[in-house]
Amino acid sequence: MRTPMVVANWKMHGRLAEARELAQAVRDGLKRPRGVEVAICPPFTALAAVAEVLAGSPLMLGAQNCHWEESGAFTGEVSPAMLAELGCRLVVLGHSERRHISRETDEEISRKVAAALRHRLQPVLCVGETAEERRQGLTFTVVEGQLRAGLAGLPAEDLVRCTIAYEPVWAIGTGLTATPSQAAEVHGYLRGLLSELGSKESAQAVRILYGGSVKPDNAGLFSQEPEIDGALVGGASLQAASFITIAKKSAAKSGASKE
Ligand code: PEP
């Protein structure tokens with residue numbers, strides 16, 4: 001029912017020549033990915049160049065953020081319509097670096113999710129607790145708040161068009177990872193909440209990715225967990241060989257989907 005997905009988040013890396021080269025290498029290494037969907041999210045400035053490289057390949061183009069308005073006096077912002085026009089199929093929203101560094105609020109993230117859906121972009125809504133919140137036993141409270149707020153007001157039929165990424169903040173870019181069972185526990189909790197927000201069937205259709213220092217040597221462990229439907233990959237997506245290995249290790253066995 002759920003084909004795993006692996007999403008490369010290049011963050012603020014990749015001038016044009018590097019972006020083209022990296023996208024070409026990933027495209028060539030994943031000509032016909034089986035049992036996994038693959039997306040690349042370069043910085044805004046490289047979207048058009050990477051779109052050209054990915055044209056005709058099964059790899060999807062995504063963005064790392066968007067605004068909630070169509071157009072207007074929002075200096076420095078990029079609208080979902082602009083991303084859709086460039087060929088983006090998905091957009092990462094509520095990444096912890098935007099929540100913590102750019103001080104994005106749950107309310108803003110929720111508006112972005114709704115706006116992305118209006119433009120047929122698949123939102124990849126990120127949720128995750130800090131180390132201190134985990135230490136205080138607040139992991140479930142925090143991710144529940146972020147999930148409920150991020151999806152607030154969406155009709156049930158729109159829930160299935162969203163992807164969730166559980167990204168514990170303490171694991172992003174640190175080399176620390178949640179254990180597959182720690183991650184699976186949170187994923188199971190999130191799926192329970194999705195059932196409440198929509199229905200059991202719609203919750204079963206929503207992909208929940210894990211993100212946080214996923215590397216070629218641990219990707220296979222996460223993919224063995226039935227509740228983990230792929231990965232959001234930061235640092236390791238900047239090396240084509242690493243990202244290709246992660247994508248292959250995240251594929252459902254025998255090309256089948258997860259239930
Ligand atoms: C991320 O940026 O979403 C991420 C998970 O980064 P990293 O893989 O480097 O931890």
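These legends go with close-up views of the cavities in this predicted model.

**View 1. Enclosed spaces in the predicted model.** The count comes to 2 cavities of 30 Å³ or more. The largest cavity holds about 60 Å³ of space, and the second largest has a volume of about 30 Å³.

**View 2. Around the centre of the largest cavity.** Picture a space of about 60 Å³ with 12 residues lining it. If you want to look at its centre, start with A219, F222, S223, G230 and S250, which are the closest of the lining residues.

**View 3. Who builds the wall of the largest cavity.** Three elements put in at least two residues each: the helices α11 (219-223) and α12 (240-250), plus the strand β8 (230-233). The top contributor here is α11, with 3 residues. As for chemistry, the lining splits into 7 nonpolar, 3 polar and 2 charged residues.

**View 4. The second largest cavity and its lining.** Here the space comes to about 30 Å³. Its lining takes in G94, H95, S96 and R99, along with C126, V127, G128 and E167. At least two of the lining residues come from the helix α4 (96-100), and at least two from the strand β5 (122-127).

**View 5. Residue classes around the second largest cavity.** Sorted by class, this lining has 4 polar, 2 nonpolar and 2 charged residues. R99 and E167 are the charged pair in the list, while C126 and V127 count as nonpolar. The polar group is made up of G94, H95, S96 and G128.

How values were computed. Residues are numbered from 1 along each chain as its sequence is written. This is a predicted model: local features need pLDDT of at least 70, side-chain atom pairs count only at pLDDT 80 or more; totals for chains, interfaces and linings use all residues. Side-chain values use heavy atoms; hydrogens and water are left out. On a 1 Å grid over the protein atoms alone, a cavity is a set of points where a 1.4 Å probe fits but cannot get out, and a pocket is an open set with protein on both sides within 12 Å along at least five of seven lines; lining residues have an atom within 4 Å of a point. Grid points are joined across faces, edges and corners, and a volume is the space filled by probe spheres set on the points. Helices (H or I, at least four residues) and strands (E, at least two) are DSSP runs, numbered from the N terminus.
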